[in-house]
Amino acid sequence: MAVALVATAVGLALYFTDPLHEIELKTIDTRFQIRGPQRPPSDLVVVAVDDLTFDKLGLQWPFPRRVQARVLDNIMREKPKVVAMDIQFSERSSLGSGDDIALLTSLQNSNHRVVLANDEPSRSGKIVEFGANGTKLLAAVGVTPADGAFPNDPDGVIRRLPISVSHLPGLDLATAEVATGHRIRPPAGSSAWIDYYGPPRAIPAPGFWRVYQGKLPRDFFHNKIVVVGATSPTLQDVHETPLSRGTLMSGPEIHAQAIGTVLAGFPLRNVSTAVDVALIALMGLLVPLASIKLPFKAAGPLMLATAAALIFGTQIAFDDGHIVAFVYPVIALMIATVGALGGYYVLGGFEQARVHDLFARFVPSTVVDEVIARTDKDLRLGAVRRVGTVMFTDLRGFTSFSEALEPERVVQVVNQYLSGMTEAILEHRGTLVSFMGDGIFALWGAPLDQEDHADLALATAREMLSERLPHFNAWLAEEGYEHQFRMGIGLNSGPVMSGNVGSERRLEYAAIGDTTNTASRLEGMTKGTPHQLFIAESTRLALCHAAEDLVYVDEFPVRGKQATLTVWSVPEAPSGGAAPTEPSEGEPTVPHS
């Protein structure tokens with residue numbers, strides 16, 4: 001949960017401070033490119049002052065205003081909806097007042113259908129056109145002044161159109177209002193997204209020279225929205241756009257596409273802040289919270305699937321006209337995923353080390369890693385059915401022996417005994433299930449399968465009787481104890497249910513079933529017999545390598561079973577004069593003083 005909160009907090013902090021604004025803008029360009037070109041409105045036209053115009057007219061820029069007037073007259077003759085002139089006339093003509101009057105006359109004859117761009121209005125909205133009194137002059141001839149400058153993004157790409165600048169409307173909004181004859185309500189703010197139709201030359205753009213010479217089809221401009229302006233790169237009114245793809249787009253064409261955006265009702269808009277915040281929170285919370293329920297291996301695929309859904313969703317939203325934040329939700333998702341994986345590895349590493357150390361006390365170290373690898377993410381062994389061999393052992397007469405000793409000495413003796421027997425079990429790849437006082441419960445064939453489980457258990461029992469028990473008795477003699485012990489061992493093979501049992505607060509590895517119960521009873525049945533080891537018929541049959549020295553003992557009834565149990569044993573080792581004795585429970589032997 002902490003990882004989820006941190007990822008969400010970081011994503012939101014970045015979103016509101018917006019340090020990656022340029023990267024977010026680049027993702028919007030990509031969305032334009034994925035969407036691809038759209039069909040522009042058929043009533044948008046650009047009259048292009050292109051390189052060929054200079055060749056055909058043989059003029060230098062700026063053109064005489066009588067030339068501009070002739071082009072405007074030719075356009076207005078065909079009754080367009082509006083003409084937006086993306087050309088600035090801030091100073092009087094160098095050719096004299098007659099040149100200015102020629103253009104002003106054409107503007108006056110346009111019947112209020114001309115919008116004139118001005119890129120340098122004062123803060124109050126006052127403009128300079130044809131001299132200092134431009135505002136009054138344009139009003140007198142019925143021309144709508146507007147601001148023709150675009151708001152540049154930090155990377156120099158033009159993505160937005162101006163709504164108003166210095167009390168002047170933006171050229172695109174003003175042109176659309178003149179074309180429709182009514183006021184248009186723009187989105188809040190000083191600018192709006194341009195919903196580009198396509199790359200450069202997506203809008204028809206006949207050359208300025210063709211209009212000047214009247215070489216276009218009749219009624220070409222009828223009922224059209226016409227933008228007149230410079231498209232030649234030498235006039236430096238070319239810019240990068242989301243769909244430029246290395247080819248710059250001229251200012252007049254950008255205005256034409258922006259006018260189409262206004263007429264379409266500003267179809268491309270940002271979603272609300274609440275939606276972006278909710279998306280960032282979702283990306284920050286999803287993977288960490290899902291990993292609580294899902295397996296660890298699902299975290300990576302879940303992150304990839306979520307990222308793919310985010311990419312797909314933001315594109316679908318964009319195609320529908322909604323701009324959704326992308327970079328900051330992705331950052332929140334990445335932090336959440338890395339944090340969840342890192343937390344799993346760190347905490348899992350500690351837990352795995354703890355389980356490794358703990359489990360190594362019961363299972364040979366060579367088996368521990370494989371056991372842990374087969375467990376689930378909680379490092380718990382699930383209950384599984386195995387076929388194995390169960391061993392129970394008991395130290396005969398230890399209860400009466402320990403009654404005469406101080407508790408510290410009892411613990412010393414039993415630890416010495418259990419240490420040797422445990423080594424024998426682990427060296428033969430057995431699982432030490434539990435200690436029961438001086439008794440031992442061990443298992444072969446679980447938690448991992450072992451084909452030779454019966455052979456390993458029998459070999460362990462032989463070592464206990466022939467090496468470990470004599471070594472323990474010798475230690476007792478060295479410590480001054482006169483007592484010599486015998487053992488009882490029961491071996492039985494068959495199916496067991498092995499795994500962790502208990503509660504959430506305490507778990508214990510166990511092997512449960514009739515096979516276990518019978519092994520315990522076999523160990524108890526050795527009391528009062530000359531044998532220290534009873535081997536069930538099931539264990540003898542399970543041996544991979546037959547033991548030729550096994551001796552038949554008898555058929556014994558087993559408590560709780562109707563059928564008798566065939567029991568085998570091994571020959572007793574010769575005592576050599578120092579045979580272990582089993583005193584009565586009331587006569588313990590204590591060490592010499």
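How many residues does α15 have, and how far does α15 reach from its first C-alpha to its last?

1. α15 has 21 residues and spans 30 Å between those two atoms, close to the 30 Å expected at 1.5 Å a residue; the expected span is 1.5 Å times one less than the number of residues. Helices (H or I, at least four residues) and strands (E, at least two) are DSSP runs numbered from the N terminus.

2. This is a predicted model, in which local features need pLDDT of at least 70 and side-chain atom pairs count only at pLDDT 80 or more, while totals for chains, interfaces and linings use all residues. Residues are numbered from 1 along each chain as its sequence is written, and side-chain values use heavy atoms, without hydrogens and water.

3. Buried residues of α15 (under 20% relative accessible area, 1.4 Å probe, protein chains only) include V410, Y417, M421 and I425. Their cover includes β14, α14, β15 (431–436), β16, α16 and β17, with contact meaning heavy atoms within 4.5 Å. Just after α15, R429 has a positive phi of about 60 degrees.

4. The largest nonpolar core (buried Ala, Val, Leu, Ile, Met, Phe, Trp, Tyr and Cys joined through side-chain atoms within 4.5 Å) has 39 residues, of which F472, M487 and L533 touch the most other members. Elements supplying at least two residues each include α15 (407–427), α16 (453–478) and β17 (487–502). α16 gives the largest share, eleven residues.

5. Leaving aside residues up to four places away in sequence, L533 touches nine listed partners, among them L458, L465, I489 and W568. A second, separate core of 34 residues includes V67, A69, L216 and V226.

Technical notes: Buried means under 20% relative accessible area, exposed over 50%, partly exposed in between (1.4 Å probe, protein chains only).
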